[in-house]
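Biologist: Could you take a close look at one part of this model for me, starting with a single loop residue and working inward from there? I would be glad of a connected account rather than a list.

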Amino acid sequence: FYEFFVKVMRLSGQADILPVTISERLIQGNDLKMGSTICALGQFRSYNKLEGNRSRLMLTVFVREIMDVAPAKNPNSIVLSGYICKPPVYRTTPFNREIADLLVAVNRAYNKSDYIPCIAWGRNARFVQNLKVGDRVALSGRIQSREYQKRLSETDVVTMTAYEVSVSKLAAFEDGENF
């Protein structure tokens with residue numbers, strides 16, 4: 001497997017730098033090199049990485065298929081269905097924008113789950129604040145990256161990158177209801 005980063009431009013002109021994992025088998029026959037364009041389908045996966053005595057949630061786009069032609073419109077889109085696995089955190093920003101953080105567990109084969117951090121804005125944030133752990137949701141949006149400052153000590157600050165799904169559409173489902 002190979003790991004690298006892909007730069008995807010937003011409509012705003014800002015770039016998201018996304019981690020990608022791809023098998024050697026998929027690379028064969030494709031001319032992938034620095035600066036080349038790639039169009040891929042895959043899964044947004046999570047895993048825990050031990051760093052010192054702490055576990056850190058790592059996220060990557062796991063490529064399942066390389067496409068010949070790039071999509072005509074949004075080059076960065078994701079659809080998830082899963083379960084709320086932590087109580088959503090609702091707040092307002094200093095500019096009075098409503099925002100809610102949620103963690104969605106997405107089941108995959110072999111009794112594994114991916115834990116995907118998501119962020120909802122405005123009316124989606126208001127809706128999300130009422131969801132409970134265990135509620136089933138389906139959502140669509142884009143994968144985004146953002147940098148933040150983490151204070152390690154009084155004098156040491158390190159720049160980190162967070163990856164999350166910025167939610168554009170969201171629905172909750174009752175048990176037994178299909179997506």
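Modeller: Happy to! Asn96 counts as exposed because its relative accessibility is 63%, over the 50% cut-off. Please keep in mind that this is a predicted model. Asn96 sits in the loop that joins strand 6 (89-92) to strand 7. Its backbone deserves a look too: phi is near 70°, a positive value although the residue is not glycine. As background, most residues other than glycine have a negative phi.

If you follow strand 7 onward, a second asparagine comes into view. Asn111 lies in the loop between strand 7 and strand 8, and its phi, near 55°, is again positive in a residue other than glycine. With a relative accessible area of 82%, Asn111 is exposed.

The two strands on either side of that loop lead us to a pocket. Strand 7 (98-108) and strand 8 (112-121) each supply at least two residues to the lining of the second largest pocket. Others that do so include strand 3 (40-51), strand 9 (136-151) and strand 10 (157-173). Strand 4 gives the most to this lining, with 7 residues. In total 33 residues line the second largest pocket, and those nearest its centre are Arg56, Leu57, Tyr148, Thr161 and Ala162. By class, the lining divides into 19 nonpolar, 4 polar and 10 charged residues. The space in this pocket comes to about 1,000 Å³.

Next, the nonpolar interior. The largest nonpolar core holds 31 residues, and Val104, Ile116, Cys118 and Leu139 are among those with the most contacts inside it. Phe44, Leu80 and Val165 belong to that group as well. Leu139 shows how such a residue is surrounded: leaving aside residues up to four places away in sequence, Leu139 touches Ile78, Val79, Leu80, Val104, Cys118, Val165, Val167, Lys169 and Leu170.

Since Cys118 has come up, let me finish with the cysteines. The disulfide count is 0. Cys85 is in no disulfide, and the nearest cysteine sulfur, that of Cys118, is 9.3 Å away; a disulfide would need the two sulfur atoms within 2.5 Å. Cys85 counts as partly exposed because its relative accessibility is 27%. Cys39, by contrast, is buried, with a relative accessible area of 16%, which falls under the 20% cut-off for that class.

How values were computed
Residues numbered from 1 in each chain as written. Predicted model: local features only at pLDDT ≥ 70, side-chain atom pairs only at ≥ 80, totals over all residues. Heavy atoms only, no water. 1 Å grid on protein atoms, 1.4 Å probe; cavity = no way out; pocket = protein on both sides within 12 Å on 5 of 7 lines; lining within 4 Å. Points joined across faces, edges and corners; volume = space filled by probe spheres on them. Helix = DSSP H or I, 4+ residues; strand = E, 2+ residues; numbered from the N terminus. Nonpolar A, V, L, I, M, F, W, Y, C, P; charged D, E, K, R; others polar. Core = buried A, V, L, I, M, F, W, Y, C linked by side-chain atoms within 4.5 Å. Buried < 20%, exposed > 50% of the residue type's maximum accessible area, 1.4 Å probe, protein only. Contact = heavy atoms within 4.5 Å.
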